Amino acid sequence: MPTSDLTYQIGLTLVKGIGNITAKQLLEHLGSAENIFKEKKRILERIPGITSRITDEIANPEVLKKAEKEITFIERNKIEAIFIAHENYPQRLKDCVDSPIILYFKGNCNLNASKIISIVGTRYATNYGREKTAEIIRNIAHIYPDILIVSGLAYGIDIAAHKSALQNNLSTIGVLAHGLDRVYPHQHRNTAIEMLENGGLLTDFMSETNPDKQNFVKRNRIVAGLADCVVVVESASKGGALITANIASAYNRDVFAIPGKTTDLYSQGCNKLIKDKKAALIETSEDILQEMCWCKSEAKKPRIIQQTLALDLLEEEQSVWEILSKTENMHLNILAIELNMPVSKLSVILFEMEMKGFIRCLPGGMYRLH
């Protein structure tokens, strides 16, 4: 029986010494995961960072055996394995330098939804924090009923965000720090099952992976990279929510934080983010919508497009122009998805267009025609 593409793709994540960044370099050089496993050792070792020890690991037959075992598990449990080159892979996350090669997803929502918010916070949430989370999600749901809410299925603010999303008929994704053969904490199992009907569970960890401490830090990068913005509701001076916020900032995501009293333990983290200018201060859902330029205007003003301007555009700039001409404004990530173009490349094109006076860059990573 021939080995499937998915076997090689999962196998690539199992090779000792190869992380996500190195795996992407190998894919760029050789084109596919299958080619990596079939390439001659001397050719592989010409690639920067690939040592004889790594090539020995690639040749280890146990790697593909483990991959086949995982395929049996995901097929039996109707789990989708999404390779980084697949069209269903989250485009926002794909453009992050350390994005996972494979994501395991069980659910029924669009990972490339037009608007995605990650909401995080302390596991020791106060009543105020839970109420604030519910209020923000409830109000946003009235305006954007197709928005996707992301969090980490942990105690406190995370589970409050998931439950509030479900109560308001919003899709919500829980990003896990372990494989999809379990739910941690087990107290959230019923909510997790409900999320499968309207959202889902996502992880880059294979089955039989325990929720070890270091896995939660890795998990946080997906929570940050999957969304347009990250909202921190409550946080102590240290914790996973602050790690997620800092990763989001490094990914050029908008970060928002709800302030609190200086004497409140679980406001210290949010206050510090605001003080250090790593997060914008928000009090309501309207603040988020305003900062992200997601406010719906009652009536759109017609825009007159001068054909003579369009003649001065390069081919790729013309494609950007055509998309922006059909909408009031659009976020950088969504524009990248529409154009099927890496954010890094698109950013250069947008900068050139802005310098020429064709477009305007708005707060929150939004763009519109000038």
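**Paired side chains and the two largest pockets**

At 43% relative accessibility, Asp56 falls in the partly exposed class. The model is a predicted one, and in it Asp56 pairs up with Lys41 in a salt bridge whose closest N and O atoms are 2.9 Å apart. Lys41 belongs to helix α4 (residues 41-44) and Asp56 to helix α5 (residues 52-59), so this contact ties together parts that are 15 residues apart in sequence. Like its partner, Lys41 is partly exposed, here with a relative accessible area of 39%.

That pair is one of twelve salt bridges found in a search of the whole structure. Another one stays inside a single helix: Lys65 and Glu62 both sit in α6, three residues apart, or about one turn of the helix. Their closest N and O atoms are 3.6 Å apart. Lys65 is exposed, with a relative accessible area of 53%, a value that clears the 50% cut-off. Glu62, at 39%, counts as partly exposed. Helix α6 itself covers residues 61-76. As for Glu62 and Arg130, 68 residues separate them along the chain, and their C-alpha atoms are 47 Å apart.

Helix α6 also takes part in a longer-range contact. Glu208 forms a salt bridge with Lys69, the closest N and O atoms being 3.4 Å apart. Here distant parts of the chain are linked, with Lys69 in α6 and Glu208 in the loop between β6 (199-203) and α11 (213-225), 139 residues apart. Both of these residues are exposed. Elsewhere, Asp98, Asp204 and Arg221 are joined into one network by salt bridges that share partners.

On the aromatic side, five pairs turn up in a search of the whole structure. In one of them, Tyr124 and Tyr266 have ring centres 6.0 Å apart and planes at 35°, so the pair is tilted. This pair, too, links distant parts of the chain: Tyr124 is in the loop between β3 (116-120) and α8 (127-143), Tyr266 is in the loop between β8 (254-257) and α13 (268-275), and the two positions lie 142 residues apart in numbering. Tyr124 is exposed, at 52% relative accessible area, whereas Tyr266 is partly exposed, at 21%. Tyr124 has a charged neighbour as well, as Arg123 lies over the face of its ring at 5.8 Å from the ring centre.

Then there are the pockets. The largest holds about 750 Å³ of space. It is lined by 30 residues, and those closest to its centre are Thr13, Leu14, Phe205, Met206 and Thr209. The elements giving two or more residues to this lining are α2 (20-30), α6 and β2 (102-107). Helix α6 supplies the largest share, with eight residues. By class, the lining splits into twelve nonpolar, seven polar and eleven charged residues.

The second largest pocket comes in at about 600 Å³. Arg123, the residue over the face of Tyr124, shows up again here: together with Phe216, Arg219, Gly239 and Gly240, Arg123 lies nearest the centre among the 28 lining residues. Two or more residues of this lining come from each of α11 and α12 (240-250), and α11 gives the most, with six. The lining of the second largest pocket contains 14 nonpolar, nine polar and five charged residues.

Notes
Residues are numbered from 1 along each chain as its sequence is written. This is a predicted model: local features need pLDDT of at least 70, side-chain atom pairs count only at pLDDT 80 or more; totals for chains, interfaces and linings use all residues. Side-chain values use heavy atoms; hydrogens and water are left out. Rings of Phe, Tyr and Trp (its six-membered ring) pair if their centres lie within 6.5 Å; planes under 30 degrees apart count as stacked, over 60 as edge-to-face and the rest as tilted. Helices (H or I, at least four residues) and strands (E, at least two) are DSSP runs, numbered from the N terminus. Buried means under 20% relative accessible area, exposed over 50%, partly exposed in between (1.4 Å probe, protein chains only). A charge sits over a ring if NZ of Lys or CZ of Arg is within 6 Å of the ring centre and within 35 degrees of the ring normal. A salt bridge is a side-chain nitrogen of Lys or Arg within 4 Å of a carboxyl oxygen of Asp or Glu. On a 1 Å grid over the protein atoms alone, a cavity is a set of points where a 1.4 Å probe fits but cannot get out, and a pocket is an open set with protein on both sides within 12 Å along at least five of seven lines; lining residues have an atom within 4 Å of a point. Grid points are joined across faces, edges and corners, and a volume is the space filled by probe spheres set on the points. Ala, Val, Leu, Ile, Met, Phe, Trp, Tyr, Cys and Pro count as nonpolar, Asp, Glu, Lys and Arg as charged, and the others, Gly among them, as polar.
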